[in-house]
Amino acid sequence: MSKIQATFERLQAEGRRAALIPFIITGDPDPSLTVPLMHALVESGADIIELGVPFSDPMADGQTIQHASERALAKGVSLRLVLEMVANFRADDNETPVVLMGYANPIEAMGVDTFAAAAFDAGVDGVLVVDYPPEESASFARAMRDHALDPIFLLAPTSTEQRIALVAELASGYVYYVSLKGVTGSAELDVEAVTRRIPGIRALVGVPVGVGFGIRDAQTARAIARTADAVVVGSRIIEEIEQSPADEVLARVKRLVAELRRGIDEADKA
Amino acid sequence: MAITSYDLPDARGHFGPYGGIFVAETLIPALTELKDTYAALRRDPQFIAEFEYELKHYVGRPSPVYHAKRLSDNLGGAQIYLKREDLNHTGAHKINNCIGQAMLARHMGKKRVIAETGAGQHGVASATVAARYGMECVVYMGSEDIKRQAANVYRMKLLGASVMPVESGSKTLKDALNEAMRDWVANVSTTFYIIGTVAGPHPYPVMVRDFQSVIGKECLTQMPELCGCQPDAVIACVGGGSNAMGIFYPYIPCENVRLIGVEAAGEGIATGRHAASLTAGRPGVLHGNRTYLLQDANGQITETHSISAGLDYPGVGPEHAWLKDSGRADYVTITDAEALEAFHTLCRLEGIIPALESSHAVAHAVRIAPSMAKDKILLVNLSGRGDKDIPTVAEKSGIPF
């Protein structure tokens, strides 16, 4: 069983509704802070970590993630360095699943199979390639499965049933429902619209459904946790990193993630 | 390799290993809708008739082919003919595609169009058709390009478009494309994205090629009328590659006609400051398609350089990638300095001020014509006029302006 699947099963056994999945860009604000940040995320309540692989042209991301990616690239962060950081994190944490999220080109530059093998060796559990829709993902999904990695796919409010079925054929781990039409960090999401959509998607995909894009506070996290299997928070955390002086980054991110955690836990009691 | 029947791309937009649809899930339904609409309309006689009417009466087509006799005599070799896309309404080939896409937008009930632009020619063409069809128009343009192409920015504003400066990344065409994509994702139900070149996710490369192929189709008729035969070679500049695909495509089955694409070598390929994706790049995925890209060892897209903003792009249309690999087309490079020299040559010998983009194609003709026999024929796509480049040329050539 994959670490991701085990995590969702454990949460269910504990009677908890939803996993908290924070997202950070690897190497932002500084490569030396990434592994400590990952541990801080776990300490403050993260169940799974999504680690963004910086790319020069993050077409599906808003300004916050785009600027974080530019900062990381300016400090020389490459896909190889991301994998090294995961391996370093694994030295002290062999439980928390790590999912890499990024764009196709850095992976193709390394070679999909080489990447899959290296990611497995580093201790990565799942990979989400934003610009690999299922139609273009056959060889990627195969390489992931050959190396015991979960290929994670996006679904959107615009996805038809036919496309959800297409994703269901390839996806394992969880699927990531993008809650609004837009890029990361855009306007607030429509909780009711998400709530209406999730049960149908879950029934079709057969794996847990995470929801992200537009979740900015504990209250929204709580509302989403009532319907989704996982709550993904990215831009809000990256903003916190951006606004914190270097010596306060860890403490402030911990405080924010703990708050989101409490929001999700309150959904359990409701 | 002989290509006798050519029917690319396949149903999912692949030209061999290139092309495809590499976008986030959010955009897939919009691309599917566009693909289906275009598939139905591209063979619809009424749509075709209206497109042809617009090209004739609004754009001013057919554009002439002109024998650049003084230039040819001066070089003492092959005869150089110019396909005068610079004489189109708005001053470049870009308008052909914009008319077609605006007609699609109208058919799909979209009242807002967005576009990316580098040199500003596609932005101007988009703003023009938006005014013509009564649509709202937003043009994304890198802040570096806004500085380089002030006249075109002003033209877009006169035509009623909003010009949104893009400050991210290298602040040029590729970043404008990223930003336009972001706008499209957020406003997909109301907005039509007019991509200006033969790149992007399927169906854009095939759609833009089809709309631009009017250039080559006219040449197929005009050349025999003018000189009794088809040219020995067709030469066009390649940034994203829309003017080149437009003139190449109808010539692909003509095996005796060489197709030569000219990329921007900037300050020289060896300096790294260039925009020659096919010559110096490697295949990868960017802006929704797989194609040759200028990238570093880690797969990050590198910043490009060219004196001409319209060629300053790290990718290239996927069909060019396929034409390169299949050997049907050859791709060569011209430096900033060579393009600038060709610009001045054409101004002085023929009384034609070419765009700096098109000057790259002219420069290659100037390079190869002298060693060819006088009865050989080179057909150069003069894709745009150079009025927009006058400040750049003045600065580079030390002419007070």
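At what angle do the axes of helix α11 (residues 235-243) and helix α12 (residues 249-269) of chain A cross?

**View 1. Crossing of α11(A) and α12(A) in the predicted model.** The axes of these two helices of chain A come within 9 Å and cross at roughly 150°, which makes α11(A) roughly antiparallel to α12(A), since angles over 145 degrees count as such. The crossing in which α11(A) passes α12(A) is right-handed.

**View 2. Residues at the contact of α11(A) with α12(A).** From α11(A), Arg236(A), Ile237(A), Glu240(A), Ile241(A) and Gln243(A) meet Val249(A), Arg252(A), Val253(A), Leu256(A) and Val257(A) of α12(A). By residue class, this contact of α11(A) with α12(A) is made up of six nonpolar, one polar and three charged residues.

**View 3. The largest nonpolar core, with Leu51(A) among its members.** This core holds 103 residues, of which Leu51(A), Leu100(A), Phe115(A) and Val231(A) touch the most other members. Its largest share, seven residues, is contributed by α12(A). Leaving aside residues up to four places away in sequence, the contacts of Leu51(A) include Phe23(A), Ile24(A), Met38(A), Val82(A), Leu100(A) and Met101(A). Another core, of 90 residues, lies apart from it and has among its members Met108(B), Ala161(B), Ala176(B) and Ile194(B).

**View 4. Surroundings of Ala46(A) in the loop between α2 and β2 of chain A.** Ala46(A), placed between α2 (31-43) and β2 (49-52), counts as buried because its relative accessibility is 8%, under the 20% limit. When residues up to four places away in sequence are not counted, Ala46(A) touches Leu20(A), Pro22(A), Leu41(A) and Val257(A). Although Ala46(A) and Leu260(A) are 214 residues apart in sequence, their C-alpha atoms are 9.4 Å apart in space.

Definitions and conventions. Residues numbered from 1 in each chain as written. Chains lettered and ligands numbered in written order. Predicted model: local features only at pLDDT ≥ 70, side-chain atom pairs only at ≥ 80, totals over all residues. Heavy atoms only, no water. Axes fitted to C-alpha atoms, helices over the stretch in contact; angles between N-to-C directions. Helix = DSSP H or I, 4+ residues; strand = E, 2+ residues; numbered from the N terminus. Parallel < 35°, antiparallel > 145°, perpendicular 65-115°, else oblique. Left-handed = near helix turned anticlockwise from the far one by under 90°. Contact = heavy atoms within 4.5 Å. Nonpolar A, V, L, I, M, F, W, Y, C, P; charged D, E, K, R; others polar. Core = buried A, V, L, I, M, F, W, Y, C linked by side-chain atoms within 4.5 Å. Buried < 20%, exposed > 50% of the residue type's maximum accessible area, 1.4 Å probe, protein only.
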